Amino acid sequence: MQDTPSSTAAIPPEVVHSHARSVTKGVTWRVIGTLDTFLWSVLITGHPMHAGAIAGLEVFTKIVLFYIHERLWLLAPWSPDSHGRAIAKAVVWRFVGSLDTFVLSLLITGNGRYAVSIATAEAAT
């Protein structure tokens, strides 16, 4: 039986780690994340306008933050295809994303409890 290459082995490294791929990943996740943030914000604050403002701003802030996050991780010399690295990236992103949500929620609602609740709920989902 002949060995077959993995699906990523056939993709050139410059495509796997391209700027366009990083942007596409950021936009795709942002659609899902925006819906999540909006729903949690409405449930916690009871104000659809606040929820819309938080989620609307996050579209921009998190795309930029995720792009920077992806590009910085490419500079890290730590084993690029390891599971440990993938876990570390996920944990770091959760922290950065939750901090962004907290700051935006606090600025928009002016309520620290709402900001903590929204950021915590978002981090858990």
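Ile-118 lies in helix 5, which spans residues 112-124. The model is predicted. The exercises below start from this residue and work outward.

**Exercise 1. Decide whether Ile-118 is buried or exposed, and find what surrounds it.**

Solution.
- Step 1. Take the relative accessibility of Ile-118, which is 0%.
- Step 2. Compare it with the cut-off: buried means under 20%. Ile-118 therefore counts as buried.
- Step 3. List its contacts, leaving out residues up to four places away in sequence. Ile-118 touches Ser-41, Ile-44, Thr-45, Ile-54, Thr-101 and Ser-105.
- Step 4. Pick one of these, Ile-44, and check the spacing. Ile-118 and Ile-44 are 74 residues apart in sequence. In space, their C-alpha atoms are 6.8 Å apart.

**Exercise 2. Describe the elements of the chain and how its contacts span the sequence.**

Solution.
- Step 1. Count the elements: the chain has 5 helices and 0 strands.
- Step 2. Write their order from the N terminus: α-α-α-α-α.
- Step 3. Look at burial. Of the 125 residues in the chain, 27% are buried.
- Step 4. Take the contacts between residues at least 6 apart in sequence. Of these, 63% join residues at least 24 apart.
- Step 5. Turn to the surface. The accessible surface of the chain is about 8200 Å². Carbon and sulfur atoms hold 73% of that surface.

**Exercise 3. Compare Thr-37 and Leu-35 in helix 2: which is buried and which is exposed?**

Solution.
- Step 1. Place both residues. Thr-37 sits in helix 2, residues 19-45. Leu-35 lies in helix 2 as well.
- Step 2. Take Thr-37. Its relative accessible area is 1%, so Thr-37 is buried.
- Step 3. Take Leu-35. Its relative accessible area is 54%, so Leu-35 is exposed. The cut-off for exposed is over 50%.
- Step 4. Find the partners of Thr-37, leaving aside neighbours within four places in sequence. Thr-37 is in contact with Ile-54, Ala-55, Glu-58 and Glu-122.
- Step 5. Find the company of Leu-35. Together with Val-23, Val-27 and Val-31, Leu-35 makes a nonpolar surface patch of about 340 Å².

**Exercise 4. Trace the salt bridges that involve Glu-58, Glu-122 and Glu-70.**

Solution.
- Step 1. Note the total: 5 salt bridges.
- Step 2. Start with Glu-58. Its side chain meets that of Arg-30 in a salt bridge, 3.5 Å from N to O. Arg-30 is in helix 2 and Glu-58 in helix 3, and the two are 28 residues apart.
- Step 3. Check burial for this pair. Arg-30 is buried, with a relative accessible area of 10%. Glu-58 is buried too, at 0%.
- Step 4. Go on to Glu-122. The side chains of Lys-62 and Glu-122 form a salt bridge, 2.7 Å from N to O. Lys-62 lies in helix 3 and Glu-122 in helix 5, so this pair ties together parts 60 residues apart in sequence. Both Lys-62 and Glu-122 are buried.
- Step 5. Finish with Glu-70. Lys-89 forms a salt bridge with Glu-70, and their closest N and O atoms are 3.1 Å apart. Lys-89 is in helix 4 and Glu-70 in helix 3, with their positions 19 residues apart in sequence. Glu-70 counts as buried at 8% relative accessibility.
- Step 6. Join the pieces. Arg-30, Glu-58, Lys-62 and Glu-122 are linked in a network of salt bridges.

**Exercise 5. Classify the aromatic pairs by the angle between their planes.**

Solution.
- Step 1. Count them: the structure holds 2 aromatic pairs.
- Step 2. Take Phe-66 and Trp-93. Their centres are 5.2 Å apart and their planes meet at 80°. Planes over 60 degrees apart count as edge-to-face, and this pair is edge-to-face.
- Step 3. Place the pair. Phe-66 lies in helix 3 (residues 48-75) and Trp-93 in helix 4 (residues 83-109), so the pair ties together parts 27 residues apart in sequence. Both Phe-66 and Trp-93 are buried.
- Step 4. Take Trp-73 and Trp-78. Here the centres are 6.4 Å apart, with 45° between the planes, and the pair is tilted.
- Step 5. Compare burial. Trp-73 counts as buried at 14% relative accessibility, whereas Trp-78 is partly exposed, with a relative accessible area of 42%.

Methods:
Residues are numbered from 1 along each chain as its sequence is written. This is a predicted model: local features need pLDDT of at least 70, side-chain atom pairs count only at pLDDT 80 or more; totals for chains, interfaces and linings use all residues. Side-chain values use heavy atoms; hydrogens and water are left out. Helices (H or I, at least four residues) and strands (E, at least two) are DSSP runs, numbered from the N terminus. Buried means under 20% relative accessible area, exposed over 50%, partly exposed in between (1.4 Å probe, protein chains only). Contact means heavy atoms within 4.5 Å. Patches are made of residues with over 30% relative accessible area and no salt bridge: like charges are joined within 9 Å, nonpolar side chains (Val, Leu, Ile, Met, Phe, Trp, Tyr) within 5 Å. Accessible areas come from the Shrake-Rupley method with a 1.4 Å probe; for residues, only the protein chains shown count as cover. A salt bridge is a side-chain nitrogen of Lys or Arg within 4 Å of a carboxyl oxygen of Asp or Glu. Rings of Phe, Tyr and Trp (its six-membered ring) pair if their centres lie within 6.5 Å; planes under 30 degrees apart count as stacked, over 60 as edge-to-face and the rest as tilted.
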